[in-house]
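Biologist: Please take a close look at one packing contact in this model and say how it is built. Then follow the chain outwards from there, as far as the coordinates allow.

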Amino acid sequence: LSSIRVIAFVFFFVSIFGKIICKKIFNPLTIMCGIWSVILFLSSFCLFNLRQARIESYMALALGVICFSFGFVTNFFVKKKYRVSLESAVSAKNYTVELRTNLVWLLLLVALIFELVNAGSSLSIILSGKSLDSVLIFVREGASDARGTMKNVINNLIVGPFKFAIFPICAYNIANRQNKVMTFLILFLLGVGVLSSGGRVFVIYLIVSLCVSFTISPSGKNAVRNAMNFVKTQRMRFVLLLGFMLVVFTLLSLSRSGKNLRQHMYLYFSMQPIMFETWAKNISEKGLYGFGEAALNGFTFHILYLVKNIFSLPFPSHWNEIFNSIISVDTNWKPITTSGLPANAYVSAFWYFYLDGRMLGIVLESFTWGWVCSSFFKNTINKPNVKNICIYSMILFSVVDSYVRIRFTTGEFVGGLLLLYFVLFKKTYEYDS
């Protein structure tokens, strides 16, 4: 597996190249190549009896990273010669983007009530002596067995999307010292959500959002220009907050992994090749192709979910087969070590592309994903308003989470992205006299 280590080192240097051309460390190219350089390097040693994947599986994952990088770089250096904007069409001088505060307060109240109710059931599991891992299994089983109940309707259509939308707003508020009461309640929602679900995804999500807001938001730019003030205030606050979130993440990991934390942390960032191989074999044996429905499942989920529950119509058969395959990755556990240690998820984003179109799916969808990420990154750097920064936080999180799944396959994530893009913000235009 020496060739895999060479590829890992190449990805590491590409991540440095991304920092040089983008002038921001939290750019999609640097994060993508940085994460996968670590994964490929660690996986090549097969420690803790990790099963060794075939070289073809490593190459499929590496191909996905390479195509993503080409898509990002190609878009990054494309210059748009012609642009038609709303501002020029209506002779608007400029505009400001504002949060629809009343709507956010209403949705935050609904989310808090919902999570507090869920926390009651989870607390009883924890008090019985079980870990947060048991809570996570309980939540996943409930979601997969009762997707048509009112509880799941509220979670799938309201609370789940809102939680993905609100944490980047929370990070922006922290970086810019805004809406302190709202920020406190959002952090409280995070704590209750961890208790009710047993998962760590939103802790990681908030950390990513904090990194984006502190390095790209206007206050961050002013802080960099005023270095001494930055050291005394912004940087110290950022380090303390990031340190606190990392401590929370570690404690959650300890709760789920117990004495085997070192082994589990290694496997979290090395099991992707064998998990990809296991589930790629599964769909190949079925002869199943998604043709885009796997990677973009989150965009169609809400529409079909509403049609199913309002009109009592079944899901389209092909879509349902793809959906069930996606759910199986999270609910079915497969052995990843020679001693039989099982794991779920962690197939990587590229497995969904493979499901859509095998190797051609990996090439086309990875390239497109890189292109889209580059577009959002450039737009945020050029116009670092609260809306763009929050949306970019979600886009960057999808890159960070690529070692687990493609986030656009989950309805809650896509719903949160649509909330940020169309609902939670408004523009106020200033017109020429």
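Modeller: A helix axis is here a line fitted to C-alpha atoms over the stretch in contact, and angles run from 0 to 180 degrees between N-to-C directions. The model is predicted.

The contact I chose joins helix H14, residues 297-311, to helix H18, residues 411-423; their axes come within 8 Å and cross at roughly 90 degrees. Angles of 65 to 115 degrees count as roughly perpendicular, and H14 and H18 are therefore roughly perpendicular to each other. On the H14 side the contact is made by Gly 298, Phe 299, Phe 301 and His 302. H18 supplies Gly 411, Glu 412, Val 414 and Gly 415. Sorted by class, the contact of H14 with H18 has three nonpolar residues, four polar ones and one charged one.

Next, the nonpolar cores. The largest nonpolar core has 116 residues, and those that touch the most other members are Trp 36, Met 271, Trp 351, Trp 369, Leu 420, Leu 424 and Phe 425. Helix H7, residues 150-176, gives the most to this core, with twelve residues. Leu 424 has a long contact list: leaving out residues up to four places away in sequence, Leu 424 touches Glu 98, Leu 99, Arg 100, Leu 103, Val 104, Leu 107, Ala 165, Ile 169 and Leu 419. Another core lies apart from the largest one and has five residues, including Phe 301, Phe 315, Trp 319 and Phe 323. Phe 301 also takes part in the contact of H14 with H18.

Further along the chain, strand S4 spans residues 425-431 and holds Glu 430. Glu 430 is partly exposed because its relative accessibility is 41%. Tyr 95 is 335 residues from Glu 430 in sequence, yet the two C-alpha atoms are 5.8 Å apart.

In the other direction, helix H17, residues 386-400, contains Ser 393. With a relative accessible area of 0%, Ser 393 is buried. Neighbours within four places in sequence aside, Ser 393 is in contact with Pro 168, Tyr 205, Val 208, Ser 209 and Val 212.

Cys 390 is also buried, at 0% relative accessibility. The closest cysteine sulfur to that of Cys 390 belongs to Cys 170 and is 10.0 Å away, so the pair is too far apart for a bond. The structure as a whole holds zero disulfides. Cys 33 is buried as well, with a relative accessible area of 0%.

Two backbone angles deserve a mention. Most residues other than glycine have a negative phi. Tyr 346, in the loop between strand S3 (342-343) and helix H16 (349-382), has a positive phi near 55 degrees. Tyr 346 is buried, its relative accessible area being 14%. Lys 23 is not a glycine either, and has a positive phi of about 60 degrees. Lys 23 sits in the loop between helix H1 (2-22) and helix H2 (28-43); at 65% relative accessibility, Lys 23 counts as exposed.

Helix H1 itself contains Phe 12, which is partly exposed at 40% relative accessibility. The C-alpha atoms of Phe 12 and Ile 35 are 8.6 Å apart, with 23 residues separating the two in sequence.

Note on methods. Residues are numbered from 1 along each chain as its sequence is written. This is a predicted model: local features need pLDDT of at least 70, side-chain atom pairs count only at pLDDT 80 or more; totals for chains, interfaces and linings use all residues. Side-chain values use heavy atoms; hydrogens and water are left out. Helices (H or I, at least four residues) and strands (E, at least two) are DSSP runs, numbered from the N terminus. Buried means under 20% relative accessible area, exposed over 50%, partly exposed in between (1.4 Å probe, protein chains only). Angles under 35 degrees count as roughly parallel, over 145 as roughly antiparallel, 65 to 115 as roughly perpendicular and the rest as oblique. Contact means heavy atoms within 4.5 Å. Ala, Val, Leu, Ile, Met, Phe, Trp, Tyr, Cys and Pro count as nonpolar, Asp, Glu, Lys and Arg as charged, and the others, Gly among them, as polar. A disulfide is a pair of cysteine sulfur atoms within 2.5 Å. A nonpolar core is a set of buried Ala, Val, Leu, Ile, Met, Phe, Trp, Tyr and Cys residues joined through side-chain atoms within 4.5 Å.
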